[in-house]
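Got a minute to look over a model before you set anything up? Here's a quick briefing to read alongside the sequence and the coordinates.

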Amino acid sequence: MSTVLDEDDMLRSGFLDPGASKYLLGTTSSLSRSMTSPIYTNHFAEDANPWKTTNSFDPVVDIRQGLASHDVATDNILGAEVTAASVLVGIDLPEIYDTAYIRAGPIEDRVSLESLGKVVSLASIPPRIAEKILHTVVPAGALYVTRNEFNTALALVACAQKNMETSLQEVYQHRNDLPVPMLPKLNQFHIKRSSRQPMAGSATQSQPMDDPWKLMLTPPGVTENEHTVSDSIHHPSHHSKDGILSDTPTHVHTVHGRTQSMGVLSPPPSLHHHHPHQQHPNTYPTSQGRVGDVKSASFATHDVKPIAESLQWFQDLDVIQLTVAPEKEGFLFKHFNYVVESQQRNSIVLRRYSDFYWLWETLMKRYPFRLIPNLPPKKLGGLDTTFVERRRKGLSRFLHAIVRHPTLKKDKVVETFLTEPSELLAWRKANPPAVDEEFVCVDSDINTFEAYIPHDLEERLGKLEGVLPKMIEHCHSMCLSMDKMARLEEAHGMEFLRYSKTLNKMSEIESNCYVPDCHGCVQMVRGYDAVAKHMQKAGSILEEQAGSSSDGILEDLKQHRDILISFQDMLHRKPKLSANQMDSLGKKLIANQAKVNQHRGVPGLEAEVERLDTAIKNDRERMAWQQRRDVHIRYSISCELSFLHKQHSFMSLLYQNYTHEQLRFTRILVDNWKALQGLTCDIPEPEDFA
């Protein structure tokens, strides 16, 4: 597997580089030298061969002798022709090189000079040496470095940390035994990929992009210029004259073990202004003329700017840890409690399944036109361990979907659920929250919402509604396939462990050979022990890999599937809950107005005219209220549509991290088999059993 990856790297970034081509084609021995990668080196530091034979015949070593013969003078001559882009082509590099490259936020297989400088600064080397390294690897006039040049920079950093010469010749001579760069704070380091401004020299829009996951921050249906102008009006302090974001703080969060970078933009402060003594514009007047009581303080603070444009949905993502409490509660009917820990709120609370259901029901009443994820089933009767774990993961996905939603995460009920230390049932009885619709508590002029609603919203919804069932079906199928692959990896690992135990039992039997003074069997038993040890390690690696896939990409795929299902459910309840009487009210207003015009001034009909005037006034208020509600509904749905579209950025991170994890486990397995290969080369010969 490692060989395939190395060849892919050579074809992708080595042979396509002019400097690399010159190096590879100019010297035939350079290819031979690249084949002497430490594929047979022992990374597990085994002291000796367990077979303890005197025969030194090794066909692999014999083949390598001709390839590995060289001298320093030859290295100096060949090293003088290499470049930063070609010096490490075909070399099996440590995992930290891949990790640092991903953390640097590459775009189209290129890393900006600013990102490279930040990565180099993590090594804490003198500024003069860091400047020399950048001058060595960065081509003249370039604004970026390629993957190979980035790797060369890290190799030079490692040489500097070991007090070696920081030159390409030094890297070339030690390319098969390079020191590992030390970057202490790499795990906390992450640079957000900027997709608004392509790097100089990158492909134009008409050319195919190398990165299929390039993130587009411009909302659908809005051109780049329109988006920049809109942002400039609302956020003059965060934009340069070119309309590119500047001085924007970046937050790094970890979700399911993955690092994510969030840009921060704040909504206009003017949109939050509300006079406390002013009647709420969206409060429906009652028949007695009083304003309905609204506990608006328990609702989320509403931002007018849509999430597609303000990136508010990508701000301050919380991480929830959900575990099953060790002890069941209940006298007759035992039930599970769940320990809910919020990283952002620094809180730990105890909740029952009924508390989760209450939260879901309350949010469904308050936010009927938002994406409310479904809960896993309760299941009456016996609860086996598998079901309990499956339900725990489902509840965890439910909470993560809530705290990642730009509106739901700010609701006071959600805040109480995550932070109230007392039993939630008692709190609910003492403080029953309002369940009025979200529209009732909006504290901004509803007309400001209409400017953010796409003119072709219904057309977009129609297109999505037509393909949404297939998307859900495909996503569910991917979840099943990933779950099956994880189970196969786990089964594969268990078979390795079983084989290892059986081999150990076999070695115990053969340790007492029936042939007197048999040294061959003793050597074979030592070899069996070494094989069993490494096969046991391979089984443990595969089980860990299966757990990483099950808790990582599989849960993230299910999270995305749940969001798609939530959107479909919202579209299904929209016709019923968004129904209004505007058509009938309009006809009634026209008829009453005609009667008023006809009766006004007629003696004896003054009371009828007054009654009609009152009815017209009330109908106009109801008409205006329903119009404002209709605007807010369409605005909410447009925000959810943008939110769904933005989930592609999480899918991008999903596959990036999955690829990185697979590569990490593959390298660990390769190192394990490399170590065992060195121990199996000198097996006992036939004469040892004579």
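What follows is a short tour, going from the whole chain down to single residues.

Keep in mind that this is a predicted model. The protein has 690 residues, and 47% of them count as buried. Its secondary structure comes to 22 helices and 7 strands. If you take the contacts with a separation of 6 or more, 78% of them are between residues 24 or more positions apart.

**The three-stranded sheet**

- Strands E5, E6 and E7 make an open sheet in just that order, and the pairing is antiparallel.
- E5 (320-324) and E7 (347-352) sit at the edges with a single partner strand each, so one side of each has no neighbour in the sheet.
- On average, neighbouring strands here are turned by 25° against each other, if you ignore direction.
- E5 is joined to E6 (residues 337-342) by 5 bridges, with the two strands running antiparallel.
- E6 and E7 also run antiparallel, and 6 bridges join them.
- Ser342 is a handy residue for finding your way across the sheet: Ile320 stands opposite Ser342 in E6, and the bridge partner of Ser342 in E7 is Ser347.
- The hairpin of E6 and E7 has 4 residues between the strands, and in this hairpin Asn346 takes a positive phi near 55°.

**Two faces of E7**

- In general, side chains in a regular strand alternate between the two faces of the sheet.
- E7 shows the alternation: Ser347, Val349 and Arg351 point to one face and are buried.
- Ile348, Leu350 and Arg352 point to the other face and are not buried.

**Helices on the sheet**

- Helix H13 packs on the sheet and touches E5, E6 and E7, with its direction at about 95° to that of E7.
- Helix H15 lies across E5, E6 and E7 too, and runs at about 95° to E7.
- H13 (residues 353-366) and H15 (residues 412-419) also pack on each other, at an angle of about 170° and with their axes 10 Å apart.
- Angles over 145 degrees count as roughly antiparallel, and H13 and H15 are therefore roughly antiparallel to each other.
- From H13, the residues Asp355, Phe356, Trp358, Leu359, Thr362, Leu363 and Arg366 meet Val413, Val414 and Phe417 in H15.
- Sorted by class, that contact between H13 and H15 has 7 nonpolar, 1 polar and 2 charged residues.

**Salt bridges**

- As background, side chains of opposite charge can pair when their charged atoms come close.
- Searching the whole structure turns up 28 salt bridges.
- One of them pairs Arg664 with Glu95, with the closest N and O atoms 3.9 Å apart.
- That pair ties together distant parts of the chain, since Arg664 is in helix H22 (residues 606-680) and Glu95 is in helix H6 (residues 95-103), 569 residues apart.
- Glu95 is partly exposed, at a relative accessible area of 27%.
- Arg667 forms a salt bridge with Asp98, and here the closest N and O atoms are 3.1 Å apart.
- This pair also links H22 and H6, with Arg667 in H22 and Asp98 in H6, 569 residues apart.
- Are Arg667 and Asp98 buried or exposed? Both Arg667 and Asp98 are buried.
- Glu459 forms a salt bridge with Lys463, the closest N and O atoms being 3.8 Å apart.
- Glu459 and Lys463 are 4 residues apart in helix H18 (residues 457-510), which means they are separated by about one helical turn.
- Glu459 is partly exposed, with a relative accessible area of 47%, while Lys463 is exposed, at 57%.
- Arg397, Glu555, Arg561 and Asp562 are linked in a network of salt bridges.

**Around Leu676**

- Back in helix H22, Leu676 is one to look at.
- Leu676 is buried, with a relative accessible area of 8%.
- Which residues does Leu676 contact, leaving aside its neighbours within four places in sequence? They are Ala530, Val531 and His534.
- Leu676 and Gly527 are 149 residues apart in sequence, yet their C-alpha atoms are 9.8 Å apart in space.

Terms used:
Residues numbered from 1 in each chain as written. Predicted model: local features only at pLDDT ≥ 70, side-chain atom pairs only at ≥ 80, totals over all residues. Heavy atoms only, no water. Axes fitted to C-alpha atoms, helices over the stretch in contact; angles between N-to-C directions. Parallel < 35°, antiparallel > 145°, perpendicular 65-115°, else oblique. Contact = heavy atoms within 4.5 Å. Nonpolar A, V, L, I, M, F, W, Y, C, P; charged D, E, K, R; others polar. Salt bridge = Lys/Arg side-chain N within 4 Å of Asp/Glu carboxyl O. Buried < 20%, exposed > 50% of the residue type's maximum accessible area, 1.4 Å probe, protein only. Pairing = 2+ DSSP bridges.
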